[in-house]
Amino acid sequence: TDSGFHIFNYGYPAKGGNKHAGLVIALSVHIVAIHQVVGIFAPRDPRLRGRLAAVRVKSRCDTVDFPLVGLYLPPSFANGATRVLYNHILAALHRFLASLPARTVPIICTDANAHIGLSSTPSDSIGDSQPEKEDAAGAIVRQFLEAHELAAFNTFRDAGATFYSTTEGR
């Protein structure tokens with residue numbers, strides 16, 4: 001517990017990981033008591049550290065069960081090694097989601113480094129707000145969302161820019 005939050009920090013390992021990847025899941029102590037955390041998922045594979053993690057929480061009245069998932073996918077999709085890693089991360093997330101009881105409602109907070117939206121195939125997983133021309137990474141994310149009956153919330157409502165650069169603007 002730090003400054004009113006339960007902190008779950010998933011950084012890269014000393015050897016074998018990406019020093020630019022890292023995830024933090026912070027839960028307010030005013031909303032979640034530590035005994036409500038009923039599971040922690042942190043892959044042992046060094047390639048996944050700092051890219052995928054989850055904290056499973058049950059509500060105070062034990063009626064809602066949800067894993068909060070942090071997901072950070074590689075920013076470059078230009079080479080085969082990155083594509084392999086991208087698919088490896090999503091395969092690990094698939095296995096994690098498949099291991100959960102049916103009553104759970106996953107909430108995935110991600111930087112997918114993908115453009116999703118404009119596609120020739122309509123999807124219940126992707127809305128029409130601020131559509132982007134879908135790239136190869138976006139197609140993979142779309143397929144993953146559809147396979148798990150999930151939705152990209154920020155495509156159903158104007159969320160504004162999701163990236164700002166001090167040198168290039170949005």
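So, let's start on helix α1, where T82, Y86, I89, L90, A92, L93, F96 and L97 are buried. Those residues cover an arc of only 150° around the axis, so they sit on the same side of α1. Turn to the other side of the helix and you meet A81, V84 and A98, which are exposed. Keep in mind, please, that this is a predicted model.

What do the buried residues of α1 pack against? Their partners are the strands β3 (37–41), β4, β5 and β6 (107–111), together with the other helix, α2. The helix length also checks out: with 19 residues at 1.5 Å a residue, α1 should span 27 Å, and its end C-alpha atoms are 27 Å apart, so the two agree.

Now let's step back to the whole chain. It has 2 helices and 8 strands, and along the sequence they run β-β-β-β-β-α-β-β-β-α. Of the 170 residues, 39% are buried. If we take the contacts with a separation of 6 or more, 56% of them join residues 24 or more positions apart. As for the outside, the chain exposes about 10400 Å², with carbon and sulfur atoms supplying 55% of that area.

On to the inside. In soluble globular proteins, nonpolar side chains tend to be buried together. Here the largest nonpolar core holds 25 residues, and the members touching the most others are L73, Y86, L90 and L93. At least two residues each come from β4 (52–58), β5 (65–72), α1 (80–98) and α2 (136–147). The biggest contributor to this core is α1, with 7 residues.

Let's zoom in on L93, which we met on the buried side of α1. Setting aside neighbours within four places in sequence, which residues does L93 contact? They are L52, V69, L71, I108 and F144. There is also a second, separate core of 14 residues, and Y10, A21, L68 and Y72 are among them.

Finally, two backbone spots to look at on screen. N113 is not a glycine, yet its phi is positive, about 50°. You'll find N113 in the loop between β6 and β7 (117–118), and its relative accessibility of 29% is why it counts as partly exposed. E149, also not a glycine, has a positive phi of about 50°. E149 lies in the segment after α2. Is E149 buried or exposed? With a relative accessible area of 75%, E149 is exposed.

That's my tour, and I'm happy to go back to any part of it.

Note on methods. Residues are numbered from 1 along each chain as its sequence is written. This is a predicted model: local features need pLDDT of at least 70, side-chain atom pairs count only at pLDDT 80 or more; totals for chains, interfaces and linings use all residues. Side-chain values use heavy atoms; hydrogens and water are left out. A nonpolar core is a set of buried Ala, Val, Leu, Ile, Met, Phe, Trp, Tyr and Cys residues joined through side-chain atoms within 4.5 Å. Buried means under 20% relative accessible area, exposed over 50%, partly exposed in between (1.4 Å probe, protein chains only). Helices (H or I, at least four residues) and strands (E, at least two) are DSSP runs, numbered from the N terminus. Contact means heavy atoms within 4.5 Å. Accessible areas come from the Shrake-Rupley method with a 1.4 Å probe; for residues, only the protein chains shown count as cover. The expected span of a helix is 1.5 Å times one less than its number of residues. The arc is that of the directions from the helix axis to the C-beta atoms.
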